[in-house]
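These notebook entries record what I looked up on a first reading. They take charged pairs, cysteines, the nonpolar core and one helix in turn.

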Amino acid sequence: MHNMLAKGQVVPLSMTLELLKGVVNLTSSDGLVVENCPLYVDQVELIEQDFRIEKAFYIEGDDKAVAAWKEAYVKEASSDPNAAKSFSERQERLPPIVAHFCRLGKLEKFEVSETPPEDKLKMLIDAATMPQFAIISSLSPVIGAKQADLLCSAFGLGKAVSSKTLQDWAADALKTTLDASQPDQLVA
């Protein structure tokens, strides 16, 4: 690989994936964050043969942000006379990749007007990875209620919604009664 890089050749994705698998095995990691990968939409299939992709994060900047990113990219690669062209090519390759993960329901897109500071980015990612809906089912209503309360507490949410909560809400808001022994009245 060193010879390939020294000659300015592109390292094949298969070789990169073997390196990534080695890193995962060495570190016993449950997860992996890979920046700027894949570079092309057709590489997704190769990656998915070895890794389960749960989420793809896309930071989409407005025109001002993209111009600032391009300027920083060109400045960082000042020895490369084609840096601006390289940035534009990367930018052109993004829409099919974004569309692929969007179709799979795995895309989290952050729309920004500037490079988000670390704390703001952490907040965006935390919000994007928080479960939107969870069901706790248990043979014991007492244990189920405790588990639901623990889950709500872990995510900083209010009180869990229970059949009693739904019955009280129906009585107050809809002026009707719900029979908890009839599941179709609670979940339709």
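**Entry 1: salt bridges**

I note at the outset that this is a predicted model. I began with charged side chains, and the search of the whole structure returned nine salt bridges.

I looked up Lys21, partly exposed at 24% relative accessibility. Lys21 forms a salt bridge with Glu18, and the closest N and O atoms are 2.8 Å apart. Glu18 is also partly exposed, with a relative accessibility of 49%. I then asked how the two are placed in helix 2. Both belong to this helix, residues 13-27, and being three residues apart they are separated by about one helical turn. I recorded further that Glu18, Lys21 and Asp50 are linked in a network of salt bridges.

Next I turned to Lys55, which is partly exposed, with a relative accessible area of 35%. Lys55 forms a salt bridge with Glu108, with 3.2 Å between the closest N and O atoms. Lys55 lies in the loop between helix 3 (43-50) and strand 1 (56-61), whereas Glu108 lies in strand 2 (residues 107-112), so the pair ties together parts that are 53 residues apart in sequence.

I also looked at Lys109 and Glu111, whose side chains meet in a salt bridge at 3.7 Å, N to O. Lys109 counts as partly exposed at 41% relative accessibility, and Glu111 counts as exposed at 62%.

**Entry 2: cysteines**

How many disulfides does the structure hold? I found zero. To see why, I checked Cys37: the closest cysteine sulfur, in Cys102, is 19 Å from the sulfur of Cys37, too far for a bond. A disulfide would need the two sulfur atoms within 2.5 Å. Cys102 is accordingly in no disulfide, its nearest cysteine sulfur being that of Cys37. I noted Cys37 as partly exposed, at 29% relative accessibility.

**Entry 3: the nonpolar core**

I reminded myself that in soluble globular proteins nonpolar side chains tend to be buried together. I therefore looked up the largest nonpolar core, which has 14 residues. Those with the most contacts inside this core are Leu17, Ile47, Phe51, Phe101 and Leu107.

Which elements each supply at least two residues of this core? I listed helix 2, helix 3, strand 1 and helix 5 (83-103). Helix 2 gives the most, with four residues.

I then took Phe51 by itself. Leaving aside residues up to four places away in sequence, Phe51 touches Leu17, Leu20, Lys21, Val24 and Leu32. Lys21 had already appeared in my first entry, in its salt bridge with Glu18.

**Entry 4: helix 7**

I closed with helix 7 (residues 141-154), which has 14 residues. At 1.5 Å a residue, this helix should span 20 Å, and I found its end C-alpha atoms 20 Å apart, which agrees.

I asked which residues of helix 7 are buried. They are Gly144, Ala148 and Cys152. These residues cover an arc of only 70° around the axis, which puts them on the same side of helix 7. On the other side of the helix, Val142, Lys146, Leu150, Ser153 and Ala154 are exposed.

Finally, I looked past the end of the helix. Helix 7 is followed by Gly156, and I noted that the phi of Gly156 is positive, near 65°.

Key: Residues numbered from 1 in each chain as written. Predicted model: local features only at pLDDT ≥ 70, side-chain atom pairs only at ≥ 80, totals over all residues. Heavy atoms only, no water. Salt bridge = Lys/Arg side-chain N within 4 Å of Asp/Glu carboxyl O. Buried < 20%, exposed > 50% of the residue type's maximum accessible area, 1.4 Å probe, protein only. Core = buried A, V, L, I, M, F, W, Y, C linked by side-chain atoms within 4.5 Å. Contact = heavy atoms within 4.5 Å. Expected span 1.5 Å × (residues − 1). Arc of directions from axis to C-beta.
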